[in-house]
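This report covers contacts at three levels: between chains, between domains and between helices.

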Amino acid sequence: MKNPLYYKSKKILVNTLIHIFLISVAITCLYPLLWMVSSSLKTQDMIFKDISLIPHQFRLENYVLAWKEGGFGRNFFNSIIYTVSVVFGIVIISSMAAYAFSRLRFVGSKFLFVMFMAAMMIPIPGSFVALYVLLNKLHLRNTPIGYILCMINVGLSTSIFLLKTFFDKMPKELEDAARIDGCSKVGIWWHVALPLAKPVLAVVIVFNALAVWNEYILALIIFDDRSFMPLQVALQSFQGEFVTNYPLLMAGLTITALPIILVYLLMQKYIIKGVTAGAVVG
Amino acid sequence: MRIKDTLENYVFVLPAVAIFSIFYIIPFIWVFQLGLFEWDGISFTKVFVGLGNFKEIFTQDVNWWHSMWNAGYITLIALTLQNILAFMLAWACDREIKLKNFYRVIFFIPPVLSEVVVGMAWRFIINDIDGANIINRALIGMGFPGLAHNWLSDPQTALTVVAVVHCWKGFGWGFLIFLAGLQTIPRELYEAARVDGASSWQSFRKITLPLMIPVMVLVAILTVLGTMQVFVLIVSLVGGEFAGHTSVPVLRILASMRGSSRFGYACAQGITFGLVLIVISFIQYRFSKKGQ
Amino acid sequence: MWCKKALAAVLVLFSVLGCAAQKTDSKPTISVWHWMTDRDPAFQELAKKYEALTGVKVNFELYAPSDAYSQKIRAAAQGTNLPDVFGILGEKRDFASFIKAGHILDLTSYMEANDSAWKNSFFPKALAVNEFAPQNSYGINPGIYAVPIDIMTIQMVYNKKLFAQLGLNPNHPPKTLQEFLDTGAKIKAAGMQGLVSGWGEVWMIDCLANNFAFNIMGKDKVLATIKGEVPYTDPDWIRVLTIFKEMKESGVLAQGLVTMINKSAEQLFANDKAVYAFNGSWCVNVYKGMNPSLEYSAMLPPAASDKYPIAIWGGAGSSFMVNARSKNKEEAVKFLVWLTGQDQQAYLAAATNNLPANRNSLSKIPEVLAQFARGMDYATHPNVWGVSEFSLVIEAWDRGIQSIIIGEKTPEQVAEEVQKIKERELAKKRAQ
């Protein structure tokens with residue numbers, strides 16, 4: 001037997017190595033973030049001259065300017081509305097479908113599920129024009145509801161996939177008990193299945209919130225009215241065809257990154273359990 | 001009663017199927033039809049060419065298959081490097097280690113950052129004219145001045161650098177999923193193994209790895225889907241296809257659509273691309289079923 | 001039940017959002033779609049002036065970035081939802097398709113009214129880009145179909161400070177290719193960077209290569225090549241490709257040029273880190289923002305031969321089209337006449353540092369910009385040639401030059417590859 005000191009020093013050594021590894025990766029992750037924030041506090045002519053991460057003077061007014069010039073107020077509100085409605089829609093619709101695919105027996109269930117999975121794989125190029133023509137015929141072009149429905153569709157397949165895997169693994173006993181108590185199918189889904197699925201729902205929320213929050217091309221194409229545009233469209237105007245206003249762009253990017261980081265922070269403790277539950281299924 | 005029961009089942013999938021049929025199937029059919037036409041994306045008239053576009057893709061379009069090859073190469077690096085990195089970081093953070101929560105948040109920064117920032121920041125790290133040139137300086141410092149060069153404009157290294165940056169941007173998702181997977185492994189299993197005298201390497205091999213296989217399959221499928229469609233990062237790192245060395249399928253599709261105004265051909269390319277992805281995912285799925 | 005409440009809440013939300021839009025006014029309102037982020041504030045200002053003057057409201061709607069804008073225009077064209085005035089991005093071929101589909105109003109009669117007063121106010125070359133000549137290869141009725149609102153030329157600029165440091169005369173930039181190549185050795189010896197440009201985004205390579213082609217073989221031979229009468233394996237074309245090899249070998253090109261994005265090229269040049277840049281006239285505004293004290297001057301690309309004059313790309317930078325289906329056609333044309341008037345053009349030029357399309361508005365512009373304007377004498381543009389090269393050929397050509405610069409292929413190899421694709425495309429066209 002080796003002495004305890006050997007084990008102790010070995011453990012310290014291993015831990016130090018692990019920390020060096022973790023910290024070096026963490027630095028590469030932090031660097032672009034700090035660079036973005038520091039650039040957002042500089043002036044246009046200093047941004048590439050003064051490459052230090054700590055600006056000589058902090059131009060906080062860049063944030064005010066970005067907010068005003070980008071017309072962020074209205075767009076920020078729109079983005080929140082779109083993100084909340086799309087994520088809400090996806091959570092409800094995909095969890096209903098996933099629950100049905102997992103629990104309920106009906107003709108064509110397997111076919112429908114495979115269809116959703118195939119859709120996850122095939123990206124439609126030029127689907128923007130197709131969606132435009134379609135929304136135009138449905139009289140949903142240039143309306144928030146048209147945009148929200150399109151975005152719900154984008155996130156649907158992946159969310160159903162994640163949720164179904166989770167429902168498959170969930171114990172059925174609780175549901176049986178609820179059924180004996182006279183609960184309807186909808187009641188079981190709402191009162192039993194969804195609460196148990198909270199962790200995986202958190203994953204679905206973060207995945208989809210990030211996707212909707214960052215989307216701008218579809219919005220730009222189907223909305224004519226500026227008052228409907230989401231935040232990312234406003235951000236694009238700092239990145240001009242020829243002149244890019246880097247400090248304002250970086251300030252705008254920082255502002256837009258904050259809410260999504262907040263969502264992640266709120267959801268991450270659920271995710272830690274959630275992805276697992278969805279993932280550790282054979 | 002029975003009929004009502006069955007109808008009730010369909011009510012659950014109805015909203016999903018309705019939205020899906022309207023906003024996916026209809027555009028998809030439209031795109032599929034267009035793949036059979038020569039169309040510039042503007043005119044109200046189209047010329048029917050049958051399978052001509054597909055024939056051109058399979059017999060003449062060398063650049064297209066080269067771009068597929070490039071995307072495959074990036075995907076291969078992502079499957080190995082990105083996922084190994086993600087797994088190692090998750091494994092390290094799974095242990096009872098200080099600053100666990102700090103790392104957990106930090107490692108999720110790259111997926112949240114915009115591609116514009118990522119491209120600019122990394123060009124700054126790599127580039128040797130205007131940038132910090134950190135990598136080359138480190139190489140010279142370590143005594144390899146011969147290796148120091150412009151990594152992004154060397155055809156030998158450009159695609160690999162792009163792949164590495166892509167891995168860096170994407171490992172956060174894998175990290176999260178792996179960490180979650182690792183945390184569900186009951187601690188008692190490790191305790192028991194230690195009592196039985198297993199080394200930490202043995203318990204890693206005998207307990208951690210087998211239990212993590214399903215998670216790895218999930219991450220692998222998501223990695224393939226995400227990586228095959230990369231393109232924004234490439235544009236922000238090297239400006240475009242760089243004499244074909246960094247061309248990928250999505251860039252080719254965009255080139256057909258915008259550059260040459262061949263909308264029908266772009267649709268045919270998109271469908272070919274989707275079919276290849278389905279085949280790959282199917283093989284992966286089969287492979288994982290066999291592996292278990 | 002919960003779900004009814006939720007649905008109701010969502011529906012209420014939508015209807016609130018939906019109602020915020022669309023107010024109709026009795027006076028005509030002209031809507032204009034554009035992608036020019038840097039010009040938007042000036043446009044808004046001019047729109048206000050116009051409303052005060054005439055009572056006609058003009059809505060400038062900015063949709064950026066230009067890639068997404070271009071998709072939006074195409075989508076809107078499919079749904080015939082185009083606004084009264086818009087710009088299209090793309091090649092002449094796309095312009096022709098929009099006209100054929102009936103989206104664009106023929107402006108010839110307006111241009112030629114009152115002894116062609118409107119027409120004559122423009123630089124002829126700015127107008128040429130928007131013109132279809134009789135018997136053009138696109139099958140469009142001859143006429144003028146768009147209004148140029150500014151012009152641009154693509155030339156070279158050099159850094160005067162660095163020129164002095166290199167022992168070169170800051171007032172005499174190299175005129176011939178040999179002089180230009182000779183500065184390469186000095187640049188290399190001084191450890192500086194030579195030419196920067198956005199050659200990662202290939203079209204700027206194409207542009208410079210065409211400049212040399214015009215210089216070496218003249219316009220007629222270039223057009224004959226596009227028509228398929230002269231092969232790309234002709235010695236003159238190989239000479240064009242060889243110039244890129246020579247530039248690379250002389251050290252006059254900056255490192256990493258082949259994967260450079262134009263915006264980083266601009267950063268480098270603006271911060272005195274590169275001796276030359278190949279850039280468009282918009283750069284004046286960009287450099288001013290990044291480094292107001294930059295000492296630089298414009299120059300023509302160096303001549304490789306004295307047989308033919310050097311040509312640069314130039315013409316309309318951006319143009320506006322009038323929607324042929326619009327109810328407000330007449331009002332829209334009136335507004336464009338006003339927008340391209342002398343004072344408005346002078347205001348746009350001063351506010352955005354772009355070159356005005358109205359040739360009477362050139363008076364008050366900075367010296368460097370005036371140099372770019374003088375370049376108009378040498379300007380040509382693929383859109384005025386009346387024929388266009390297959391996009392696959394252009395792509396192979398541009399990629400080929402990238403390959404030559406990184407030493408992967410020889411000029412002869414590239415010429416052969418390009419010619420092969422050219423022949424394939426010609427055969428395909430004949431078969432149709």
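Two residues are taken to be in contact if their C-beta atoms, placed from the backbone, lie within 7 Å. The model is a predicted one. On that basis, the contact between chain B and chain A takes 62 residues from chain B and 62 residues from chain A. On the side of chain B that touches chain A, helix H1 (residues 2–34) of chain B gives the most, with 18 residues. That side of chain B divides into 47 nonpolar, twelve polar and three charged residues.

Chain C is divided into domain 1 (29–151 + 315–376) and domain 2 (153–314 + 387–431). Their C-alpha centres lie 29 Å apart. Domain 1 of chain C puts 19 residues into the contact, and domain 2 of chain C puts in 15 residues. On the domain 1 side, helix H4 (92–100) and helix H15 (367–374) of chain C each supply at least two residues; H15(C) gives the most, with four residues.

Helix H16 (residues 391–405) and helix H17 (residues 411–431) of chain C pack with their axes 9 Å apart, at an angle of about 170°. Because angles over 145 degrees count as roughly antiparallel, H16(C) is roughly antiparallel to H17(C). Among the residues that meet are Leu392(C), Ala396(C) and Trp397(C) from H16(C), and Val414(C), Val418(C) and Ile421(C) from H17(C).

The table gives the class composition of each contact.

| Contact or side | Nonpolar | Polar | Charged |
|---|---|---|---|
| Side of chain B touching chain A | 47 residues | twelve residues | three residues |
| Side of domain 1 of chain C touching domain 2 of chain C | seven residues | seven residues | five residues |
| H16(C) with H17(C) | nine residues | two residues | three residues |

How values were computed. Residues numbered from 1 in each chain as written. Chains lettered and ligands numbered in written order. Predicted model: local features only at pLDDT ≥ 70, side-chain atom pairs only at ≥ 80, totals over all residues. Axes fitted to C-alpha atoms, helices over the stretch in contact; angles between N-to-C directions. Parallel < 35°, antiparallel > 145°, perpendicular 65-115°, else oblique. Nonpolar A, V, L, I, M, F, W, Y, C, P; charged D, E, K, R; others polar. Domains from an automatic or database assignment.
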